[in-house]
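Here are my notes on the model, as numbered points. Please read them with the structure open.

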Amino acid sequence: MTPGSFAVILVHLVVAVLVTPLLIGVMRTVRARLEGRVGAGVWQPWRDLRKLLAKEPTRAPGSTPVLTLAPIVLMASSLMLCALIPLVSTVALASVPGDLFVVVSVLLVGTVSLALLGLESGTAFGGMGSSRHMVIAAMVEPTVLLSVYALSVPAGTSDLAAIVQARVADPISLLNPVSLLAIFALVVVVIAETGRLPVDNPSTHLELTMVHEAMILESGGRDLGWLELGSWLRLTALLGLVANLAVPWGVAPDAAPLSLLVGVGAVFAKLVVLGAVLAAAEVFIAKLRLFRVPELLAGSFVLAFLSVSASYLVF
């Protein structure tokens, strides 16, 4: 691994860990203000994480190592996702490529670890949340592959960093039908994968509507802290990917300190704006019934398929 690649990985991880709780705090504050509430403030997620990570987890006497390993695997996969996705810079990583198929595989590792955690609890709600989670994942992953593949056709590669560089070099491609269809499909995917409205409600405590919360219901202390931070990092990584594919300007083309500083400022601004827009939109929409969720995800898959078909016609 070259020093430039190592520096880029380090910057990606530091920025992701520092920005993610602030992003969650901004989203919660925006939603609270639009609902007429004051809210806990943008720093509350930091305080929650500090409190959870300082507590010893409580585990049932007959629990298996899954209860211990699942939060660590989710956290590790989320950090790897942030390292592979071109958040701040498009410098290629020599050891592990930021290829589309590698990124989706890492995303799936975290998804499976969450599902196993829900099953490990042995409760009806945990199993219900895991089954719903895997059904959603089964419809989300193909859409991710198709939508990013459509954007990779003009670049001639499935490497995410190269795709972002190609979009910077050809700004006209940002407004063609292929790009718009693929980006819209990706937005729906991010909403579903990260458990946001209308697919899931991150603030619900009604058991029959839970998906993500049902799987982590039996976790507490440090385990819950890793689960929360790992899930938030997935949101940061996927939102950053969508932001840099839709608006690729500001991403550092090299590992120079000034370029990385500009890249950090650009990705921070993009994430805050996109997170605020997403939180504001959640105020005006209701959660879909469970049996209507596949219709939404099938629609996003159709859009991704159309973007792939159109890419061979346009390019």
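Which helices each supply at least two residues of the lining of the second largest pocket? The model is predicted, and the points below start with that pocket.

1. **Second largest pocket: the helices.** The answer is α7, α9 and α10 (257-283), which each supply at least two lining residues. Of these, α10 gives the most, with 4 residues. The space in this pocket comes to about 200 Å³.

2. **Second largest pocket: the residues.** The lining consists of Val-187, Val-190, Ile-191, Leu-197, Pro-198, Leu-239, Val-242, Leu-274, Val-277, Leu-278, Ala-281 and Ile-285. By class, that is 12 nonpolar residues, no polar and no charged.

3. **A cis peptide bond.** Two of those lining residues, Leu-197 and Pro-198, deserve a look at the backbone. The peptide bond from Leu-197 to Pro-198 is cis. Its omega is near 5 degrees. Pro-198 sits in the loop between α7 and α8.

4. **Largest pocket: size and centre.** This pocket has a volume of about 960 Å³. Its lining counts 43 residues. Nearest the centre lie Arg-28, Pro-202, Ser-203, Glu-213 and Trp-232.

5. **Largest pocket: the lining.** The elements that give two or more residues are α1, α2 (44-53), α5, α7 (177-193), α8 (212-215) and α9. The most comes from α1, with 7 residues. The class split is 17 nonpolar, 13 polar and 13 charged. Compare the second largest pocket, where no polar and no charged residues line the space.

6. **Helices α1 and α9.** How do these two helices cross? The axes of α1 (residues 3-34) and α9 (residues 221-246) come within 9 Å and cross at roughly 90 degrees. Therefore α1 counts as roughly perpendicular to α9. From α1, the contact uses Ala-16, Val-17, Thr-20, Leu-23, Ile-24, Met-27 and Arg-28. From α9, Trp-232, Leu-233, Leu-235, Thr-236 and Leu-239 take part. This contact has 9 nonpolar, 2 polar and 1 charged residues.

7. **Residues with two roles.** Some names in that contact come up again elsewhere. Arg-28 and Trp-232 belong to the contact, and both are among the residues nearest the centre of the largest pocket. Leu-239 is also part of the contact, and Leu-239 lines the second largest pocket.

8. **Cavities.** How many cavities of 30 Å³ or more does a search of the whole structure find? There are 2. The largest has a volume of about 50 Å³. Around it are Leu-100, Val-103, Val-104, Leu-107, Val-144, Val-148, Leu-160, Leu-238 and Leu-241. This lining has 9 nonpolar residues, with no polar and no charged ones.

9. **Where the cavity lining comes from.** At least two lining residues each come from α4 (100-120), α5 (124-155) and α9. The largest share, 4 residues, belongs to α4.

10. **Ala-166.** Is this residue buried, partly exposed or exposed? Ala-166 lies in helix α6 (residues 160-169). Its relative accessible area is 28%, so Ala-166 is partly exposed; the buried class would need under 20%. Ala-166 is 30 residues from Ile-136 in sequence. In space, the two are 31 Å apart, C-alpha to C-alpha.

Conventions: Residues are numbered from 1 along each chain as its sequence is written. This is a predicted model: local features need pLDDT of at least 70, side-chain atom pairs count only at pLDDT 80 or more; totals for chains, interfaces and linings use all residues. Side-chain values use heavy atoms; hydrogens and water are left out. Buried means under 20% relative accessible area, exposed over 50%, partly exposed in between (1.4 Å probe, protein chains only). Axes are lines fitted to C-alpha atoms, for helices over the stretch in contact, and angles run from 0 to 180 degrees between N-to-C directions. Angles under 35 degrees count as roughly parallel, over 145 as roughly antiparallel, 65 to 115 as roughly perpendicular and the rest as oblique. Contact means heavy atoms within 4.5 Å. Ala, Val, Leu, Ile, Met, Phe, Trp, Tyr, Cys and Pro count as nonpolar, Asp, Glu, Lys and Arg as charged, and the others, Gly among them, as polar. On a 1 Å grid over the protein atoms alone, a cavity is a set of points where a 1.4 Å probe fits but cannot get out, and a pocket is an open set with protein on both sides within 12 Å along at least five of seven lines; lining residues have an atom within 4 Å of a point. Grid points are joined across faces, edges and corners, and a volume is the space filled by probe spheres set on the points.
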